[in-house]
Amino acid sequence: MKAAFGLYVILTDPAAGYEACSEAAVAEGIRYLQLRLKGALRREIVETALRIRGVTAGTDTFLIINDDPAIAAEVGADGVHLGQGDTPLPEARKLWKKLGKIFGLSTHNEEQARAALALSPDYIGVGPVFPTPTKKVPDPILGPERMGSIIRETPLTAVAVGGINAENLGRVLDHGAVNFAAVRPIMRSADPRREIRRLMDIWREHRDI
């Protein structure tokens, strides 16, 4: 069954600080909180992840580590999110054998989304929906129509990602997204809780229509 939880928060260089953003996500009942520190030293990632884990431990918010199942296991995270060029999902499961851990997988087109079925991730990311500067080598833009087609076709829980903000979220939801990730609107905000609530209010209003 596809899960509906709305906003998936991705943490990367937040203006308000990692702890403040994590506390905001927990306070607003966000299901997933992913730490993404591209290009950072392993020590820095571990130290940051442990601080965030101190915030999320014992809450309903899952801490997901981007790219690295070994770091995820070391810090006691709830799961790992893997890109198409990262450790293959079956190998990641072997490296991190604890039951109940969450494995997410990025997909960027119909073929990758279909191939994900055989791997049975807990969710897939679908995007980028819109242009985004968060990747040095961006994947081709899907646009909301194609994103929606991919999400409707897959039986897996899906998270729309890429350039999503309060101004275009309605279009994303109108085209079939149930869950969505946001980076810049929250990371650039001095009041991340207010921005998280703003995005979730839009999501809730759309689901009530």
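A residue counts as buried when its relative accessible area is under 20%, as exposed when that area is over 50%, and as partly exposed in between (1.4 Å probe, protein chains only). By that yardstick F5 and Y32 are both buried. Keep in mind that this is a predicted model, where local features need pLDDT of at least 70, side-chain atom pairs count only at pLDDT 80 or more, and totals for chains, interfaces and linings use all residues. Numbering runs from 1 along each chain as its sequence is written, and side-chain values use heavy atoms, with hydrogens and water left out.

Let's stay with the rings. Phe, Tyr and Trp rings (the six-membered one for Trp) pair if their centres lie within 6.5 Å; planes under 30 degrees apart are stacked, over 60 edge-to-face, and the rest tilted. The whole structure holds six aromatic pairs. In one of them, F5 and Y32 have ring centres 4.9 Å apart and planes at 65 degrees, so they sit edge-to-face. This pair ties together distant parts of the chain, 27 residues apart: F5 in the segment before β1 and Y32 in strand β2. Ring pairs also join F5, Y8, Y32, F62 and Y123 into a cluster.

Now for helix α2, residues 42-56 (helices are DSSP runs of H or I, at least four residues; strands are E, at least two; both are numbered from the N terminus). Its buried residues, including I45 and V46, pack against β1, α1, β2, β3 and α3, with contact meaning heavy atoms within 4.5 Å.

R53 belongs to α2 and is buried, at 18% relative accessible area. Leaving aside neighbours within four places in sequence, R53 touches L63, V75, G76, A77 and D78. Just after the helix, G58 takes a positive phi of about 80 degrees.
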